[in-house]
Amino acid sequence: MTMVLPPDIELWICSFLRARLKPSFPTIIVSNREPDDYDGSRPLVVVRDDGGSQSNRVLFDRSVGVTVRYGARAAPKPCRDLAARIYGLLTDPSICELDGSPIAAIEEDGCNGPYFVAEDANIARCYLTLEFSTIGAFQ
């Protein structure tokens, strides 16, 4: 019997974003969690899989949240620009055609942002949400 596992969308999106953003932001951190010692000196992107239902044997609906922290809270434009770039990368339909992409479709009505989120530290923070239909991994 062949098992179908939900894709590791966090891992795939982190790798995808790192590859596309490192040339412009060489010190960027892209991860599925915020480092304990994060001090705001480098741009940070945190990807979180919020789960979803299974549409059929191989299709999984996935809600993904992305937090972007970058620059001073009093000067948030660099953060907003980076978040908008990430939103554009993750909602480009060609993402479904990339080799190894688990994304079968972008559910546009479930995509939202980027928008600013309250932040206690003096670091600008934006958030965006995305919804995808993804293909499970066969084992």
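Reader: How many aromatic pairs does a search of the whole structure find?

Author: The model is a predicted one, and the search covered the structure as a whole rather than a chosen part. The number of aromatic pairs found is three.

Reader: Is the pair formed by Trp12 and Phe16 stacked or edge-to-face?

Author: Both residues belong to helix H1, where they stand four residues apart, about one turn of the helix. Their ring centres are 5.2 Å apart and their planes meet at 15 degrees. Planes under 30 degrees apart count as stacked, so the pair of Trp12 and Phe16 is stacked.

Reader: Is Phe16 buried or exposed?

Author: The cut-off for a buried residue is a relative accessible area under 20%. Phe16 has a relative accessibility of 7%, and therefore it counts as buried.

Reader: What kind of pair do the rings of Tyr115 and Tyr127 make?

Author: This pair links distant parts of the chain, with Tyr115 in strand E6 and Tyr127 in strand E7, twelve residues apart. The ring centres lie 6.0 Å apart and the planes are at 70 degrees. Because planes over 60 degrees apart count as edge-to-face, the pair of Tyr115 and Tyr127 is edge-to-face.

Reader: Which element gives the most residues to the largest nonpolar core?

Author: The largest nonpolar core has 29 residues, and Ile13 and Leu17 are among those with the most contacts inside it. Several elements each supply at least two residues of this core, including strand E4 and helix H2. The element that gives the most, with seven residues, is H1.

How values were computed. Residues are numbered from 1 along each chain as its sequence is written. This is a predicted model: local features need pLDDT of at least 70, side-chain atom pairs count only at pLDDT 80 or more; totals for chains, interfaces and linings use all residues. Side-chain values use heavy atoms; hydrogens and water are left out. A nonpolar core is a set of buried Ala, Val, Leu, Ile, Met, Phe, Trp, Tyr and Cys residues joined through side-chain atoms within 4.5 Å. Buried means under 20% relative accessible area, exposed over 50%, partly exposed in between (1.4 Å probe, protein chains only). Rings of Phe, Tyr and Trp (its six-membered ring) pair if their centres lie within 6.5 Å; planes under 30 degrees apart count as stacked, over 60 as edge-to-face and the rest as tilted.
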